[in-house]
Amino acid sequence: MVAPCPTSMMVRTKKTKAMGIPTIDLSMERSKLSELVVKACEEYGFFKVVNHSVPKEVISRLEEEGTEFFSKTSSEKRQAGPANPFGYGCRNIGPNGDMGHLEYLLLHTNPLSISERSKTIANDPTKFSCAVNDYIEAAKELTCEILDLVVEGLWVQDKFSLSELIKDVHSDSLLRINQYPSVKGNKNWDTSKLEAHQLQSENNNNNNNNNIGFGEHSDPQILTIMRSNNVGGLQISTHDGLWIPVPPDPNEFFVMVGDALQVLTNGRFVSVRHRVLTNTTNTRMSMMYFAAPPLNWWITPMPKMVTPHNPSLYKPFTWAQYKQAAYSLRLGDSRLDLFKIQQQQDSHLAPASP
């Protein structure tokens, strides 16, 4: 993405301040609530939820576990990696050369997988596993509540058609904990294990004064539930390409529409593109629950979303096929382009030759 000149950045800042971030109170009357959720998904693909049911204790326990892990020495943390894709990663984002100013833990939400991974992550694996599993269950419940509201707001007949995918025992949902050290803190990281091309990428970023913690992208899953500490950095892009800074709120959750939900709604919702900028003085930690269906589940627009005048925009594909496509592309690439149906309506509407 081409960086805007200082003047255009000022214009963007003025406009984004007036727009704000949609905030939805989950204690509202349900019919109005479902209407607001759908509106936020349509207009932004992103919103904050307040008065949720996730206990603060569940959030704080996971944050403490994350803080304890990231405070370890580089050699200790590397025992939990390299992320392939699960485990500990530092700077690498995916297998295709994308880099960021962050370190992270990526976990599958399957309890057996968490139990096994915890042995290389935590000094007390049982304590770590309990904190992770409790957070995942709470985030899953919140996700399902929101997806049920989406279905109601779209007037889909099967009220649990989306949430049942997340509750499925074979759900491919993930948990990711990111830590973005302050810009000063980046200099203290151990680069001894980076490959030559990775160091070159890192040097190029530094030379360009690029303080991108995590580059522009959309999430491939159905829905993302994100929570961070009280350090800012997250930005979302509007449909017309303006970047909006998201004020942090450690007591609440932010909800992001993913690529799969864009397909399920046949493009009525659009997955939100977002990025994270590093902070000059403080460390940012964020926790994302990525809600995904089972690997063999077919992703196709819900019947309610398809009509003769609004045909399906996407070819059917399984979640496994989409994940494979995502891993084959760079972070900022538009994965859904691979699955779009090229409509031939123009040729049918063209007048016959005389």
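**Close-up views of the predicted model**

**Figure 1. A network of salt bridges links Glu-57, Arg-61 and Asp-134.** The coordinates come from a predicted model. The protein contains twelve helices and 14 strands, and a search of the whole structure finds 16 salt bridges. Of the 354 residues in the protein, 50% are buried. Among contacts with a separation of 6 or more, 76% are made by residues 24 or more positions apart.

**Figure 2. Helix H3 spans residues 56-70.** From its first C-alpha to its last, this helix of 15 residues reaches 21 Å, close to the 21 Å expected at 1.5 Å a residue. The buried residues in H3 are Val-58, Ile-59, Leu-62, Glu-65, Gly-66, Phe-69 and Phe-70. Around the axis they cover an arc of only 130 degrees, and they are therefore placed on the same side of H3.

**Figure 3. Phe-69 and Phe-70 are part of the aromatic content of the model.** Eight aromatic pairs are present in the structure. In the pair formed by Phe-69 and Phe-70, the ring centres are 5.4 Å apart and the planes meet at 70 degrees, an edge-to-face arrangement. Phe-69 and Phe-70 are both buried.

**Figure 4. Four aromatic residues, Phe-317, Trp-319, Tyr-322 and Phe-339, form a cluster.** The cluster is linked through ring pairs. Trp-319 and Tyr-322 are also among the buried residues of helix H11.

**Figure 5. Helix H11 comprises residues 319-328.** Its buried residues are Trp-319, Tyr-322, Lys-323, Ala-325 and Ala-326. Viewed down the axis of H11, these residues fall within an arc of 160 degrees and so line one face of the helix. The elements against which they pack are helix H10 (259-264), strand E13 (298-299) and strand E14 (317-318).

**Figure 6. Asp-172 and Lys-323 are joined by a salt bridge between their side chains.** The N to O distance is 2.8 Å. This pair links distant parts of the chain, 151 residues apart: Asp-172 lies in the loop between helix H7 (163-167) and strand E5 (174-180), and Lys-323 lies in helix H11. Asp-172 counts as buried at 6% relative accessibility. Lys-323 is likewise buried, with a relative accessible area of 19%, a value that falls under the 20% limit for burial.

**Figure 7. A salt bridge connects Arg-335 with Asp-259.** The closest N and O atoms of the two residues are 2.7 Å apart. Because Arg-335 lies in the loop between H11 and helix H12 (345-349) and Asp-259 lies in helix H10, the pair ties together parts that are 76 residues apart in sequence. Arg-335 and Asp-259 are both buried.

**Figure 8. Lys-140 and Glu-137 form a salt bridge within helix H6.** The side chains meet at 3.3 Å, N to O. Both residues belong to H6 (residues 125-153) and are three residues apart, about one turn of the helix. An α-helix has 3.6 residues a turn, so residues three or four places apart point the same way. Glu-137 is partly exposed, with a relative accessible area of 45%.

**Figure 9. Two arginine residues, Arg-176 and Arg-275, have charged ends that sit over aromatic rings.** The charged end of Arg-176 is positioned over the ring of Tyr-104, 3.9 Å from its centre. For Arg-275, the charged end sits over the ring of Trp-243, at 4.0 Å from the ring centre.

**Figure 10. Met-287 is located in strand E12 (residues 284-291).** Met-287 counts as buried, at 1% relative accessibility. Residues up to four places away in sequence are not counted among its contacts, which are Ile-59, Leu-62, Glu-63, Tyr-135, Arg-176, Ile-177, Ile-225, Met-226 and Arg-227. Of these, Ile-59 and Leu-62 are among the buried residues of H3, and Arg-176 is the residue whose charged end sits over the ring of Tyr-104. Met-287 and Tyr-135 are 152 residues apart along the chain, and their C-alpha atoms are separated by 9.8 Å.

**Figure 11. Thr-143 is a buried residue of helix H6.** Its relative accessible area is 0%. With neighbours within four places in sequence left aside, Thr-143 is in contact with Leu-223, Ile-225, Tyr-289 and Ala-291. Ile-225 is also one of the residues touched by Met-287.

Notes:
Residues numbered from 1 in each chain as written. Predicted model: local features only at pLDDT ≥ 70, side-chain atom pairs only at ≥ 80, totals over all residues. Heavy atoms only, no water. Phe/Tyr/Trp six-rings, centres within 6.5 Å; stacked < 30°, edge-to-face > 60°. Buried < 20%, exposed > 50% of the residue type's maximum accessible area, 1.4 Å probe, protein only. Lys NZ or Arg CZ within 6 Å of the ring centre and 35° of its normal. Helix = DSSP H or I, 4+ residues; strand = E, 2+ residues; numbered from the N terminus. Arc of directions from axis to C-beta. Contact = heavy atoms within 4.5 Å. Salt bridge = Lys/Arg side-chain N within 4 Å of Asp/Glu carboxyl O. Expected span 1.5 Å × (residues − 1).
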